[in-house]
Amino acid sequence: MNTNSRPTSHPTSGDINAFAITPRNAPSDSVAPGAVLRAEGITKSYVIGGTARKVLDGLDFRVDYGESVFLAGPSGSGKTTLLSILGLLLTADSGELFLRERRVDALSAEERSQVRRDSIGFVFQRFQLIAALSARDNVAIPLTLHGHPLHQARGKAEELLERVGLRDHRLALPGSMSPGQCQRVALARALITEPALILADEPTAALDGVAGRAVMELMRELTTNFATATVVVTHDPRIFPFADRICEMENGGFK
Ligand SMILES: Nc1ncnc2c1ncn2[C@@H]1O[C@H](COP(=O)(O)OP(=O)(O)OP(=O)(O)O)[C@@H](O)[C@H]1O
């Protein structure tokens, strides 16, 4: 596979409406050029059985406003490690990381958590929804953690659930929804704080082909319309057409 290949066209949404949302993260009224996230010279080793093994070896990476970049490559090639470093969940041994041109790799643990809360939305393979809360309240949680009143957070959660096609499920519990619907709730939750960056780890691994495609169509549309940047780790070649670029990892770098 070509590294950094850029498909010329994307699949268009079928039953899901396109949303006309004003980009809030980009500095102009259209999708602006420039990096949302830039990583330079990232290295990471793990010590296994007393021996250090380099998993990322001086890796450079960037993702721009409105762009979806996929990290692909064989098991053990370092995709999740890189995603965790980009999401400030893991610290690199060396290298620099800039989020909207602010250097973020050298911040304190508390500052890193704040950057994560304010600027990064996470989508996980297994959704990680709270079983006892409705779809609406799952989506609202990040805003309440930002100190917004519950009624306000719920209002915005309902708007987002409408945008992911789940208005009628706003009071449903995760256990009563399909995996595809749960992932759409998780996507709405990731977007509610209008983050600069969405990081998704195998977002379609627990979904069938149809549901996986619907989630990726939405992720693409919302990435463009919110001028968010998205980084997706995936093994699933069926969703490669939804990428602007595919970066294939191998031996601690890109192929
Ligand atoms: N906490 C850790 N301690 C020691 N080794 C680790 C740790 N996390 C990952 N590794 C090793 O680092 C390498 C890269 O792991 P990573 O999970 O980033 O790869 P991956 O490409 O995401 O793999 P997969 O596709 O299977 O999820 C693997 O050899 C893995 O065993």
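Before we start: strands here are DSSP runs of E, at least two residues, numbered from the N terminus. Also keep in mind that this is a predicted model.

**Exercise 1. Work out how S1 and S2 are joined and paired.**

Step 1: S1 covers residues 35-48 and S2 covers residues 51-64. Two residues sit between the strands, and together S1 and S2 make a hairpin.

Step 2: Check the sense of the pairing. It's antiparallel, with eleven bridges. For one concrete pair, take Thr 43, whose bridge partner in S2 is Asp 57.

Step 3: Look at the turn. Gly 49 is there, with a positive phi of about 60°.

**Exercise 2. Find which element gives the ligand shell its largest share, and sort the shell by residue class.**

Step 1: Collect the residues around the ligand. Among them are Tyr 46, Ile 48, Val 55, Gly 73 and Lys 79.

Step 2: Map them to elements. S1 and helix H1 (79-86) each supply at least two shell residues. H1 wins, with the largest share at three residues.

Step 3: Sort by class. You get three nonpolar, seven polar and one charged.

**Exercise 3. Describe how helices H3 and H5 pack.**

Step 1: Start with the axes. Those of H3 (residues 135-145) and H5 (residues 179-191) come within 7 Å and cross at roughly 30°.

Step 2: Classify the angle. Because angles under 35 degrees count as roughly parallel, H3 is roughly parallel to H5. The crossing is right-handed.

Step 3: List who meets whom. On the H3 side, Ala 135, Asn 138, Val 139, Ile 141 and Pro 142 meet Val 185, Ala 188 and Arg 189 of H5. By class, this contact has six nonpolar residues, one polar and one charged.

How values were computed:
Residues are numbered from 1 along each chain as its sequence is written. This is a predicted model: local features need pLDDT of at least 70, side-chain atom pairs count only at pLDDT 80 or more; totals for chains, interfaces and linings use all residues. Two strands pair if DSSP finds at least two bridges between them. Helices (H or I, at least four residues) and strands (E, at least two) are DSSP runs, numbered from the N terminus. A residue is near a molecule or strand if its C-beta atom, placed from the backbone, lies within 6 Å of it. Ala, Val, Leu, Ile, Met, Phe, Trp, Tyr, Cys and Pro count as nonpolar, Asp, Glu, Lys and Arg as charged, and the others, Gly among them, as polar. Axes are lines fitted to C-alpha atoms, for helices over the stretch in contact, and angles run from 0 to 180 degrees between N-to-C directions. Angles under 35 degrees count as roughly parallel, over 145 as roughly antiparallel, 65 to 115 as roughly perpendicular and the rest as oblique. A crossing is left-handed if the near helix is turned anticlockwise from the far one by less than a right angle, and right-handed if clockwise. Two residues are in contact if their C-beta atoms, placed from the backbone, lie within 7 Å.
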